[in-house]
Amino acid sequence: MAKQLQVTELGNPILRQVAQPVENIHHDRIQKLSRDLLLTVKKTNGVGIAAPQVAHSDRLFVVASRPNLRYPHAPIMEPTVMINPRMLSHSPDVVKGWEGCLSVPGIRGLVPRYQAITVEYTGLDGRLYQQEFTDFIARIFQHELDHLDGLVFLDRVETTQDLMTEQEYLRQVV
């Protein structure tokens, strides 16, 4: 049975470490972590969550876009566990968009990201997948991939003028 995990917050050293590749996708620990991440992202109103955000140094994350309290205009997609993900290519177009993070509560930032990307990852079934993502889904993937490389969205913000509190974001932007 899946359980909601505590989200690691900025300042915890694991968020600044490069996560380790997953060697055995079918290992009970990885399967349980995946189920727990799927539940945690849902319960916390996230649209994605990476293993380092729950104190696990594994190259694994969930992309789970759907409208919720934190992202009322998010597109709907099936929650997907992505193991050992990587970006294969990207469009030349970079677009700034608002991001928040479960590990950086209370802050939103205007972050430049590639508008379209081609990615590869292994699914929970052990199969290798290749997909193209655009716009908000591409943004989520890039945000979560950064977590696997020890980065948070604050590292990508171009100026502190592009930051605001969660309350102001909800008042001004949403």
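**Entry 1: the pocket lining**

I looked up which element gives the most to the lining of the largest pocket, and found that E4 does so, with 4 residues. I note at the outset that the model is predicted. Strand E4 covers 94–101, and together with strand E5 (104–114) and helix H2 (135–148) it belongs to the elements that each supply at least two residues of this lining. I recorded 17 lining residues for the largest pocket. Gly 97, Trp 98, Phe 136, Arg 139 and Tyr 169 are those that lie nearest the centre. I then sorted the lining by class and obtained 10 nonpolar, 3 polar and 4 charged residues. For the space in the largest pocket I noted about 270 Å³.

**Entry 2: the sheet**

I next traced an open sheet of 5 strands, and wrote down their order as E1-E2-E3-E6-E7, with antiparallel pairing. Strand E1 (48–50) and strand E7 (128–134) each have a single partner strand, so one side of each has no neighbour in the sheet, and I marked both as edges. Setting direction aside, I noted that neighbouring strands of this sheet are turned by 40° against each other on average.

I also examined one pair within the sheet. Strand E6 (residues 116–122) pairs with E7 over 7 bridges, in the antiparallel sense. Tyr 121 has Tyr 129 of E7 standing opposite.

**Entry 3: the helices against the sheet**

I checked where helix H1 (residues 28–43) meets the sheet. Helix H1 packs on the sheet and touches E1, strand E2 (60–63) and strand E3 (80–90). The direction of H1 makes about 35° with that of E2. I then turned to H2, which lies across E1, E2, E3, E6 and E7. I recorded that H2 runs at about 160° to E2. I noted again that H2 supplies at least two residues of the pocket lining.

**Entry 4: positive phi values**

I looked for positive phi in residues other than glycine, and entered two cases. Asn 45 has a phi near 60°. I located Asn 45 in the loop between H1 and E1. Buried or exposed, or partly exposed: how does Asn 45 count? With a relative accessible area of 22%, I entered Asn 45 as partly exposed, because buried would require a value under 20%.

The other case is Ala 55, with phi near 65°. I placed Ala 55 in the loop between E1 and E2. The relative accessibility of Ala 55 is 46%, so I entered this residue as partly exposed, since exposed would require over 50%.

Notes: Residues numbered from 1 in each chain as written. Predicted model: local features only at pLDDT ≥ 70, side-chain atom pairs only at ≥ 80, totals over all residues. Heavy atoms only, no water. 1 Å grid on protein atoms, 1.4 Å probe; cavity = no way out; pocket = protein on both sides within 12 Å on 5 of 7 lines; lining within 4 Å. Points joined across faces, edges and corners; volume = space filled by probe spheres on them. Nonpolar A, V, L, I, M, F, W, Y, C, P; charged D, E, K, R; others polar. Pairing = 2+ DSSP bridges. Axes fitted to C-alpha atoms, helices over the stretch in contact; angles between N-to-C directions. Contact = heavy atoms within 4.5 Å. Buried < 20%, exposed > 50% of the residue type's maximum accessible area, 1.4 Å probe, protein only.
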